[in-house]
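Okay, thanks everyone, I'll keep this short. Let me put the structure up and walk you through a sheet and what sits around it.

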Amino acid sequence: MPDVKALLVAALYSAFVVVDRYFFRQRPTGSYTFVEEQVTEEVVADHVVGKHTVGVVPLSGQVARWVGIDFDLNIRKHPDLAEALKNFKPELGADGLPEPLAKAVRLTDGFARERTLLPLFEFSGYKGVHAWLFAPQGAEARKLRRGAKALVQKVRKALGPDAAKFKEIEVFPKQDALKPGARGNCMKMPLGFHLVTGLRSVFFTVEPYVGDFTLTTDEAQLGLLQRAAASDAGPALLCITDSQETTPEPTTATTPPPTALTTTPSVNLATLTEQAVEAAVEAVVAGGTRNDTGFKLFVALRDAGVDIVDTRSAAESYHSRVEKFGDHPYPIEDALASVESAYSRPPRPQAVETKTWQDNSKPAVEVYQLLLAELQPKATTMAKVEFLETTAQVVAASGVDRLLAKGLLDELRAVTDAFDADDQKLVMSRVAGLKKEAEDDRSAIEMLLDIGQRDELFHDDKKDAFAAVTHEGVRDVLRVGGPAHKRHLAWRFHLETGSAVGGTAIDSVCQVLAATAINRGPCIKLHKRFAVVDGAVWIALADEKRRAVRVTAEKWEVVGKPPILFELQPHQTAHPDPEGGGNLRELLAPFFNFAQPEDEALFEAWLVVAAVENIPRCAVIIKGAPGSAKSTTAKIGRSCIDPSAVDALNLGNADTAQTAQILSQHEVPVFDNINYLTKDQEPLFCVAITRGAYSTRELYTNGGAYIFRLGCAPILTGVNCPTEAADLLDRSVLVELERIPSDKRREESVIWREFEARRPRIFGAFLDVLVQTMRIHPSVELQSLPRMADWTRWAVAAAEAMGYERDLILSALRLNESSQVEAALEEPVSQALRKLMATRDRWSGTPADLYDKLTEVHGKPRYGDRWPAGPSPLSKRLRVLLPPLTAVGIDIVFTKANEERLVIISKSQAATKDSRSWAENYHGRR
């Protein structure tokens, strides 16, 4: 019977040992030390039984035999994930991993299998998972790395926010080739013990394991290894062409040392910085001193023109990657001190690199092969001319000079006889013109890229790209590729060159900047006017300096340079500088005309709570007879908290997507004089109130999607309530204004002049009340929770912060609850049902019987009265109306009897316990 362990050792040796002259041995700290000894099967056997832990390299020269992907979770930030990893059971497959890691494994497996690849997954024994892809016959390392990085980029993008939970996702090999005598970067061989945790690494399947043995046996591990090692990843990996990488692959076999860093017009500083850090890390791995190597790196970055702020970021990246090497501590303070020392001296002048046409020989050969493969016999002069035009365009696009282009065309002529002297003149003339255009465009694009990459590039939670642009000390957040961002790039280009740039070049650059922001930039959630971050409420002033107010339970303060929180909309206008110390109720009193003091208290509390954007915020519906100043009240209310150049909006015939767009662009939108909301608009308002989203097809695409974030606090005005939808009314505050007598009316211009004079004090008093509200809110308790419970607690706290008596605000909330019920029961079905039950205590029958009966009571449906079209729509409407009908003593039960659906309607003696006003259960603050 064969020795299974010996077979397993032999399979590990065959699959993973590419260079047998040396290996790396893991230290107890997790770092590796170089061992110049022959790698034998005995060395691998000792690794498997735990006598030592071996690290191996995947390539020899320019050829690699396997690719490894190391998924490491950030266990310092997420210690709970570390605990979950310690309890990993391989038989459970990906199901036994923490969710972010399980998701990454499934995505990697799915994307790999799309290319007929069979990845091998292994629990690393410490921070995460290793994925292995094999090329048994060997493949060019540069191409394998490119394919693996493209695979990783697809996984990163699909991970979405979960990508932030990974410390890093590394691809091995890290080099395209090894020079003679170079060692490369090692990766821990599978099935060994990790010396930091003492846990053994094991292979596992994506799905829970089913087999004849438990997965941890040598037989099962050998089976998984043999099956995966027989799969050739070489050709398949090279087919992954939809990579989102923006870092170009180096064209030489080795990365230049950090001291040889130079800048060229075709490579940006961010890419050069990344390459220099990579080279410095490799130098340390090869035995270099961390501090000395770091200082040389920072000097090279200084000489290349990298800003000291970016170099500090590079120092942090370098430190995190080399800290584990060496026998002594290497504090981050030492690395940053080296940066300061390097930048204390002026940059050294760099030698200008010259190139000859021979440097372009490789592109020329590729162009030649492409054209030769596509060449077809040209039967007509026009076809020949078209082919020559194509040839000229390809030659020009390849970047070769005219001498090489002529040699290329001469060779083509000799091979095909497709060219005569006149044809050749035509081609060379065309090449010269195209090359000049291409060079001009490349020059503008390179400069624009440099300008755009100086800004802070990032993306939001919808994967939209943004740039934080700083000009004269003021930072503004612009959507990459939007009109404002394009104007910014064009203006900066003009300032630096004195000339203009075409729209095509700007569009091309915006595509690259957007990709950089999405793939390389951090994810930052953006807000419109209000933001709640770390327990503080932030309010954008939207002034020219882009300041914001930070409000806590202790105080409010104006912050000159707030963090990146807001994407200001074009319609937003500035708040005045706030003046504290005023009384908000007294300052607002001249502008409001409410029918009842309870309505005034409720509306003012709503204004305060509108700033707490991380909770569902009620809509406010302002009713009143003509001449009751509904429009003015709504506009003044909005101007207090979210001033806008667009005072009021009218939905008109807006479809669903247009309504979603409007709701997504406004924090406190005002919809004035609304007669009714359509059945499609009502659900959107509910979603906006509860901070949801709406997805629609992206313009000019068939499959792309665009997401609107709809969180807002809308104001609606009308003579009557514009909705009868119970769900929307449950999420609304209903207040009423009384008609203004003719002897008390004032000109609107006078009202606004007085309001503008008071605005600084009103805004300051609003901030004072918000501070008090945040202080009171934690002590507000409700025995039973109503709909919009979060908003209610905040509203009670806000009313008390403004000095309203508790009985008054409780009365206001009870009245609002009654108003919601009355408004919901104004719709025709509930009115007909109440008429039906006015003379009886009980009714039962099928939905069809009920539809006929209610239609008889209602009368012939008229156009526009929204009468249901049949029994099924009637049943759906009644289910929506259950809460308000129960509140007025009508109970509805849907049941079945003898396989027949029945509706039972009965009158209750009193409202149920759940329908009793929750405000009666309010405990108060003390």
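So, β14 and strand β15, which is residues 536–540, pair up antiparallel, with four bridges between them. This is a predicted model, by the way, so keep that in mind. If you want one residue pair to look at, take Phe530: its bridge partner in β15 is Ile539.

Zooming out a bit, those strands belong to an open sheet of four, ordered β14-β15-β16-β17, with antiparallel pairing. Which strands stand at the edges? That's β14, at 530–533, and β17, at 556–559; each has a single partner strand, so one side of each has no neighbour in the sheet. On average, neighbouring strands here are turned by 25 degrees against each other, ignoring direction.

Now, what packs on this sheet? Helix α24 does, touching β15, β16 (548–551) and β17. The direction of α24 makes about 160 degrees with that of β15.

Okay, on to the cores. The largest nonpolar core has 92 residues, and Ile539, Trp606 and Trp791 are the ones with the most contacts inside it. So Ile539 turns up again, the bridge partner of Phe530. And α24 is back too: the helix, residues 748–776, supplies 13 residues, the largest share of this core.

Then there's a separate core of 82 residues, which includes Leu12, Phe16, Ala94 and Ala163.

Last one, Trp606. Leaving out residues up to four places away in sequence, Trp606 touches Cys618, Ala619, Val620, Val668, Ala713, Pro714, Ile715, Val733 and Trp791. Trp791, remember, was also on that list of residues with the most contacts inside the core. That's me done, happy to take questions.

Key
Residues numbered from 1 in each chain as written. Predicted model: local features only at pLDDT ≥ 70, side-chain atom pairs only at ≥ 80, totals over all residues. Heavy atoms only, no water. Core = buried A, V, L, I, M, F, W, Y, C linked by side-chain atoms within 4.5 Å. Buried < 20%, exposed > 50% of the residue type's maximum accessible area, 1.4 Å probe, protein only. Helix = DSSP H or I, 4+ residues; strand = E, 2+ residues; numbered from the N terminus. Contact = heavy atoms within 4.5 Å. Pairing = 2+ DSSP bridges. Axes fitted to C-alpha atoms, helices over the stretch in contact; angles between N-to-C directions.
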